[in-house]
Amino acid sequence: MDERTRDPLQIRAEDINPRYNWGRALPSLGIMGVDFEERVDYRRMHRYRLGRIKQALEASECGAMLVFDVNNIRYITSTKIGEWERDKISRWALLTRNGDPILWDFGSAAVHHRLYSPWLKPENCKAGVLGLRGTIQPSFGLMEKHAKEIFSLLKEAGVEKMPVGVDIVEPAMMFELQKAGVTIADGQQIMLEAREIKSADEIALLNRAAAMVDGAYDLVNEKLRPGVRENDIVAMVNEFLYRHGSDDVEAVNAISGERCNPHPHNFTDRMIRPGDQAFFDILQSFMGYRTCYYRTFNVGRATPAQHDAYKKAREWIDSAIERIKPGVTTAHICEVFPKADEFGFPDEISAFGLQFAHGLGLALHERPIISRVISMDHPTEIKEGMVFAIETYCPATDGVSAARIEEEVVVTDKGCRLISLFPAEELPIANRY
């Protein structure tokens, strides 16, 4: 059916059917369009995502969603104009309970979308500009103009008296919206509720993104040797991923030797030395769907202390993975994580992100969040169709080294499946002596 002829009031069961088939292997498909097998159906995924947010919106107090977060814009409109937009607040979208998505785009991108995005109504692809994070002064009147335009659209849809869910916004734009008569509510919670359950198409994209990192780690294993610097590895991984279709290499953390303990979450130009323990985190996306995927290596050889740290990190992550299934709580999973003082940290906040799990999707951090900081006192339910990364960290007794492991899991009807497949059952030794 032509997207433009669909009834915006109707959410069909077929649209929000996630299409799981847990009896088969999770697909790891090619990225070209072909006529001889079904691959990711992007228009079906668009209907699923739009149906999910409409469901979440109807269950809320809000009459509309007004989104400036690029991940939410993509979820609602299935549009993207490049990673350069991520921190600019240069685009936004409006979705009312009874309407189609309306998109305000950066200049000529609006004209482009009228031509190449037929799932959006042409008249709903508008050009607009707000403040570009304050570089255009609010006193120039652009924010006031668009705030009045948005209120007029809310009134036309009959929802102007209901709160509007907003995710992120420049303060000056929020003030203009309020002046125009808009009551603002927290829309990020509504969006995250919609996004927490992935369809089979989204899972296929997450699996493809993970497969790209599998290949990147094979390259790391080959190139990791004395004389190579952390930033050399980062450069090689970036090239590999972009050549294989990544649309954003968000970061490659590369930590080696004495920098492993405590974990600094970055990379430098430190040169790798024989016997170093080194761990890496590759954060990138394919068609917007992200990875967070750590692996630890030793260079040439490993000491007993380094082996022991790796073994503990592996035991912690395996114990947590065994507990993952629909219906359990985040508290049930993180009960098996060590407490902060058991691995050298003064409190749970200082150890946040080390024994940890977080949802993956169009953003690096979605639901669920699993951590002793929040999950023991505020447990939430694990649901079929969630996809998340789960990670552990263990300092070695030598006071310098540390092991870091992360797996990506898909929650199935009975348990979970890993999509991070580079071998990590035992400590890998790159270029063994």
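# A tour from the nonpolar core outward

Begin by selecting I53 in this predicted model. Setting aside neighbours within four places in sequence, I53 contacts M65, Y75, I76, L95, I190, M191 and A194. I53 also belongs to the largest nonpolar core, which has 106 residues. Select next Y217, F280, I324, I382, F388 and I390: together with I53, these residues have the most contacts inside that core. Helix α7 gives the most to this core, contributing 12 residues. A second core, of 22 residues, lies apart from the one just described; A64, W104, L154 and L177 are among its members.

**The sheet**

Display the strands β1 to β6 as a cartoon. These 6 strands form an open sheet with mixed pairing, in the order β4-β3-β2-β1-β5-β6. At its edges are β4 (125-127) and β6 (184-186), each of which pairs on one side only. From one strand to the next, the twist averages 25°.

Now select residues 64-67 and 164-166, that is, strands β1 and β5. The two strands run parallel and are joined by 3 bridges. Within this pairing, A64 has V164 of β5 as its bridge partner. A64 was met above as a member of the core of 22 residues.

**Helices on the sheet**

Add helix α1, residues 42-58. Helix α1 lies across β1 and β2 (92-96), and runs at about 60° to β2. Then add helix α2, residues 70-77, which also packs on the sheet. Helix α2 touches β1, β2 and β3 (102-105), and its direction makes about 50° with that of β2.

**Where α1 meets α7**

Keep α1 in view and select helix α7, residues 200-223. The two helices pack at an angle of about 115°, and their axes are 9 Å apart. To see the contact itself, show the side chains of Y42, R44, M45, Y48 and R49 on α1, and of D201, E202 and L205 on α7. By class, the contact residues divide into 4 nonpolar and 4 charged, with no polar ones.

**Salt bridges**

Turn now to the charged side chains. Across the whole structure, a search finds 34 salt bridges. Select K80 and E83, whose side chains meet in a salt bridge at 3.2 Å, N to O. K80 is partly exposed, with a relative accessible area of 25%, and E83 is likewise partly exposed, at 21% relative accessibility. Both residues belong to a network of salt bridges; extend the selection to E85, R86, R91, D105, D248, E250 and R290 to display the rest of this network.

Move next to D87 and K88, whose side chains form a salt bridge at 2.8 Å, N to O. D87 is partly exposed, with a relative accessible area of 43%; for K88, also partly exposed, the value is 30%.

Finish with E230 and R259. Their side chains meet in a salt bridge at 2.8 Å, N to O. This pair links distant parts of the chain, its residues lying 29 apart in sequence. E230 is in helix α8 (residues 230-243), while R259 is in the loop between β7 (248-256) and β8 (277-286). Are these two residues buried or exposed? Both E230 and R259 are buried.

Conventions. Residues are numbered from 1 along each chain as its sequence is written. This is a predicted model: local features need pLDDT of at least 70, side-chain atom pairs count only at pLDDT 80 or more; totals for chains, interfaces and linings use all residues. Side-chain values use heavy atoms; hydrogens and water are left out. Two strands pair if DSSP finds at least two bridges between them. Helices (H or I, at least four residues) and strands (E, at least two) are DSSP runs, numbered from the N terminus. Axes are lines fitted to C-alpha atoms, for helices over the stretch in contact, and angles run from 0 to 180 degrees between N-to-C directions. Contact means heavy atoms within 4.5 Å. A salt bridge is a side-chain nitrogen of Lys or Arg within 4 Å of a carboxyl oxygen of Asp or Glu. Buried means under 20% relative accessible area, exposed over 50%, partly exposed in between (1.4 Å probe, protein chains only). Ala, Val, Leu, Ile, Met, Phe, Trp, Tyr, Cys and Pro count as nonpolar, Asp, Glu, Lys and Arg as charged, and the others, Gly among them, as polar. A nonpolar core is a set of buried Ala, Val, Leu, Ile, Met, Phe, Trp, Tyr and Cys residues joined through side-chain atoms within 4.5 Å.
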